[in-house]
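Trainee: Could you take one part of this protein and walk me through it slowly? I would like to see how a single piece connects to what lies around it.

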Amino acid sequence: MSAYHTPVLLEESVALLAVEPQGAYVDLTFGGGGHSRRILEALGEGGRLYAFDQDRDAWANRPDDPRFCLVESNFRFLRGALRLRGVTQVDGVLADLGVSSHHFDALERGFSFRGEAPLDMRMNQQGRLTAAEVVNRYSPEELTRILGDWGEIETPWKVANCIVRARSAGALETTARLVEAVKPCTPKKDEAKFLTKLFQALRIEVNGEMEALRMALEQSLKVLRPGGRLVVISYHSLEDRLVKNFMRSGNFSGRVEKDFFGRPSVPFELVARKAVTPSDEELARNPRSRSAKLRAAVKKQSDDPYRK
């Protein structure tokens, strides 16, 4: 398996995708290419796979296969990128969300709170916003918002104040300086959990992850053929909540609309009501999979109210 990233729930997710040999599929998160390679194994000569990744580091992992197309783009541009390639509908969309092992292991990218590295956290290294800009330029109110919303930290205002006080003595440019800055409000018993939430909040803000996910989910509904499948692996409650609500109701609030006759009007049929989680064997092999949740849904045949 690639050292770049060990794919999570590989067999389970590709099985739920129910690959048709002559079908067209999308891997929204190419990364190390593990899921893409397994999809290609199930495709026939006439099948096609379009994979998305905005990080140039991932290009070294692309397979040499005429059925495969790697799109250098954020998956928020799913529909437009497919149209540029003459594709309007596909048979399945797979997304393995979160951060690849490569990003945590490449300390110079600034995704990990272990060690010392520039506060970067950009998935797309051409992007303008870095984590250093967030911690040094955001107002206390803005920091409080992202720490609460994206990190789900219990007392985000305290952490924001710690950051503001520390940066008044000099810019926070490295991961180690940030960890030191928040020490006064870091719980001694749950230090790793707290720092994970802090770095998650900054990473989501830098990369606009939640907005990108919303856009990709909405576009997946438009590009999927009736009977096509949406399969998503998420790693924290913010992602999973969006995915679960969207699959159940077609919107992000989770509110099920009803038609004129009072019947539920939803675009998907759930493949399973409960999320699939990693087995004990996978957890032993890949501890980073511990928070993964896999959900899958089939686009209903009757989808007129949702098509444009």
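Mentor: What follows is a close look at one helix, and then at some other places in the chain. Please keep in mind that this is a predicted model.

Let's start with helix α11, which covers residues 237–249. The helix has 13 residues, and from its first C-alpha to its last it reaches 18 Å. That is close to the 18 Å expected at 1.5 Å a residue. Right after α11 comes G250, with a positive phi near 85 degrees.

Now look at which side chains of the helix are hidden. The buried residues in α11 are L238, E239, D240, L242, V243, N245, F246, M247 and S249. What do they pack against? Among the helices, their partners are α6 (140–149), α9 (191–207) and α10 (209–223). The buried residues of α11 also pack against the strands β5 (224–234), β6 (268–270) and β7 (293–299).

One residue of α11 deserves a second look, and that is F246, which is among the buried ones. To see its ring in context, let's go through the aromatic pairs, of which the model has 4. One of them joins F113 and F199 in an edge-to-face arrangement, with 5.8 Å centre to centre and 70 degrees between the planes. F113 sits in the loop between α4 and α5 while F199 belongs to helix α9, so this pair ties together parts that are 86 residues apart in sequence. F113 has a relative accessible area of 16%, so it counts as buried. F199 is buried too, at 3% relative accessibility. F246 forms a pair with F252 that is stacked: the centres are 5.3 Å apart, and the planes make an angle of 20 degrees. Both of these residues are buried. Together with F268, F246 and F252 make up one aromatic cluster.

A ring can also have a charge for company. In this model, the charged end of R56 sits over the ring of W59, at 4.3 Å from the ring's centre.

G250 had a positive phi, and two residues that are not glycines have one as well. A18, in the loop between α1 (10–17) and β1 (24–27), has a phi near 50 degrees. M121, in the loop between α4 (101–105) and α5 (131–137), has a positive phi of about 70 degrees. Are these two residues buried or exposed? A18 has 34% relative accessibility, so it counts as partly exposed. M121 has a relative accessible area of 0%, so it is buried.

Finally, let's visit strand β2, residues 48–52. Of its 5 residues, 4 are buried, so the strand is largely enclosed by the rest of the structure. β2 pairs with β1 in the parallel sense over 4 bridges, and A51 of β2 is the bridge partner of D27. Helix α2 (residues 34–42) joins β1 and β2 in a right-handed β-α-β unit. β2 also pairs in the parallel sense with strand β3 (residues 68–71), again over 4 bridges. There, L49 has F68 in β3 as its bridge partner.

If you go back to the helix now, try finding F246 in α11, and then follow its ring to F252 and F268 in the cluster.

How values were computed:
Residues are numbered from 1 along each chain as its sequence is written. This is a predicted model: local features need pLDDT of at least 70, side-chain atom pairs count only at pLDDT 80 or more; totals for chains, interfaces and linings use all residues. Side-chain values use heavy atoms; hydrogens and water are left out. The expected span of a helix is 1.5 Å times one less than its number of residues. Buried means under 20% relative accessible area, exposed over 50%, partly exposed in between (1.4 Å probe, protein chains only). Contact means heavy atoms within 4.5 Å. Rings of Phe, Tyr and Trp (its six-membered ring) pair if their centres lie within 6.5 Å; planes under 30 degrees apart count as stacked, over 60 as edge-to-face and the rest as tilted. A charge sits over a ring if NZ of Lys or CZ of Arg is within 6 Å of the ring centre and within 35 degrees of the ring normal. Two strands pair if DSSP finds at least two bridges between them. A crossover is right-handed if, with the strands pointing away from the viewer, the path from the first strand over the helix to the second runs clockwise.
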